[in-house]
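Student: I'd like to learn how to read a model like this one, feature by feature. Can we take it one idea at a time?

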Amino acid sequence: MSLLRLPLLLSLLALPGDDPIKTSFAVLAGFDYQEGMSLPKEVTDLDEKIVTISGFMQREIPGSGPVDTFLLINDACGCNGTPKMHEIVFCTLPAGVTMEIKAGVVHVAGKLYVGEEKEDGVVVMLYQMDADVVK
Amino acid sequence: MKPLHILFWLACATPLLALIPSNQDPATTDWPKEVERACTAKRYGLRLAASKAVAAGGGAAVPAIRAFAGQRGKNELPQALVDAIVDQDTTDGPVLDLLTEWAKDRDFYWRAQAMKGLARRAPRLPDRHATLAPLFAAHHDDPAWLTRVHARLGTALLGTTPGTVDPLTLPETDPRATSKLCALLLQNGKVPPLQPLFDALLDERTFQGFPWGQQRAGEAAKALRTWLGEDLPTQDGQSEPDKTAMITAMLANASRKSGQRLAPPTPLVDVAVPFTGVIEILSCRNGDLHLQWTAAGDLHAGIDATSAGRVPAPVWDELSRRRATLELGSSHGVVICDKMRLHWHEPAVNANVAPASLPAPAANWLERLAQALEQADQPRLAEALRAGLEQFAAR
């Protein structure tokens, strides 16, 4: 599916009354994260809510071409160190939708899921988002 | 053996158990496998966990890191692995040698991070002062801002002696560098001049939507909060009713604790200029270049958009015509660290470019722009742009 059709599809997916909650990495990453900890209420309050957040798109694995998942991070250059787990939103585009990694700041909207997800006993995600809008 | 004796020996042995690594034995760990995982696992979290494990291995893991870099290339090592090593406290010889090689290597993407790893450890390495001091000094004015910050940090942590330059007195044009150096010094137990940290607290400046001002505000707030042991308002871009009062209170406490005279910060906001185009180069090798322009050819340079003159109208018109004919996709090459971004309107272009991937027509246009910068009396900007061209033009 082309990128041009994405906004149209996504606008159709938006449900009336689902006003997105504007959040930021200042909220999501505004605490010292330790694996297994109880997350702050201001963060858990966002679980399964439709939110908007701004950041930079990054591939989970270096490469080229369109993606159907990407990392949203708060730093363009890695100048503040490797993003920690609570400084990343793992975004998934709707089924069948792919897009190129956009340059510069992007604004993403969709349902956010908050909570540790483990693989091989290791936390691999803390924030996940069904990214319905990327612009 | 009597139960009492068993209890006695258990009591003696228990503290020794703490010395045994709980997760892995460096001597028996399959380091090549761990390094491979740190560099190539598909999940970011798995790479992060493996990176920490490799870093915790200290010198024992270094041969595997070297072997991976030798086979795949040094820039296939991810930042997460280098950062994990930097943040470890080990002073194993092989780790120090590796960090030193990386810090000296201008083509290594994460040399700034390696410099930080050496700077943090420097006070604990008296036998390496003779080599580290000149290494730090040689990079005080490195074109890459993060490298020079970490080099200056190293010198400051080693302690200046008569005849050596105090890194805090060196000129600096990048606002991020000034506050970061002070924050890092505070984190490492040295109290620098605190005014740059307070000046950063009300920074709301952005670059093409990137809230770099808020980031340095947050960094400064965190450093001050930790040092003072008091809370500061969160720097999330939202004005809080008690923000001014909090900063005033912090100033008073910081003045008292440090003995420094500190002035309240003034809000820093974006210049109100209608930019129509931008070239952004983020390069750990050659340093960053931020250049924005208006439709009329007014130039603004730096992440803080300092005015940098105007290109003569006939030259600018010709440049604009040529720019409109450039055909650029959204990405050229595979970006890992260093990248160039070209973004303008009419026609709409927003392209990420990896090193050695800029198409020739665009490279030719940038060379013409560099000549125009010279005509606008901006030789240093022209030089920085040409350095970027040398790195990013397709070969």
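Tutor: Sure, let's start with domains: their bounds come from an automatic or database domain assignment. Here chain B is divided into domain 1 (17-258) and domain 2 (277-392). Before going on, note that this is a predicted model, where local features need pLDDT of at least 70, side-chain atom pairs count only at pLDDT 80 or more, and totals for chains, interfaces and linings use all residues. Residues are numbered from 1 along each chain as its sequence is written, and chains are lettered from A and ligands numbered from 1 in the order in which they are written.

Student: How far apart do the C-alpha centres of domain 1 and domain 2 of chain B lie?

Tutor: They lie 30 Å apart. For contacts, the rule is that two residues count if their C-beta atoms, placed from the backbone, lie within 7 Å. On that basis, 17 residues of domain 1 of chain B meet 15 residues of domain 2 of chain B. Helices (H or I, at least four residues) and strands (E, at least two) are DSSP runs, numbered from the N terminus. On the domain 1 side, α7 and α10 (175-187) of chain B are the elements that give two or more residues.

Student: How many helices and strands are there in chain B?

Tutor: Chain B has 16 helices and seven strands, and its C-alpha atoms fill a box of roughly 100 × 55 × 45 Å along the principal axes.

Student: What does "buried" stand for?

Tutor: A residue is buried if 20 or more other C-beta atoms lie within 10 Å of its own, exposed if 12 or fewer, and partly exposed in between, with C-beta atoms placed from the backbone. Of the 395 residues of chain B, 42% count as buried. Take B:A223, which is found in helix α12 of chain B: this residue is buried, with 23 other C-beta atoms within 10 Å. Leaving out residues up to four places away in sequence, B:A223 touches B:A183, B:L186, B:Q187 and B:L197.

Student: Which residues are buried in α5(B)?

Tutor: They are B:A80, B:L81, B:V82, B:D83, B:A84, B:I85 and B:V86. Seven of the nine residues of this helix (residues 79-87) are buried, so α5(B) is largely enclosed by the rest of the structure. The cover over those buried residues includes α2 (31-40), α3 (44-56), α6 (93-104) and α7 (111-121) of chain B.

Student: And how do I describe two packed helices?

Tutor: You use the angle between their axes and the distance between the axes. Axes are lines fitted to C-alpha atoms, for helices over the stretch in contact, and angles run from 0 to 180 degrees between N-to-C directions. For α14 (residues 313-324) and α15 (residues 360-375) of chain B, the axes come within 11 Å and cross at roughly 165 degrees. That makes α14(B) roughly antiparallel to α15(B) (under 35 degrees is roughly parallel, over 145 roughly antiparallel, 65 to 115 roughly perpendicular and the rest oblique). The contact is made by B:V315, B:L319, B:R322 and B:R323 of α14(B) and B:W365, B:R368, B:L369, B:A372 and B:Q375 of α15(B).

Student: Last one: how many residues of chain B are in contact with chain A?

Tutor: 30 residues of chain B are in contact with 31 residues of chain A. On the chain B side, α3(B) gives the most, with four residues.
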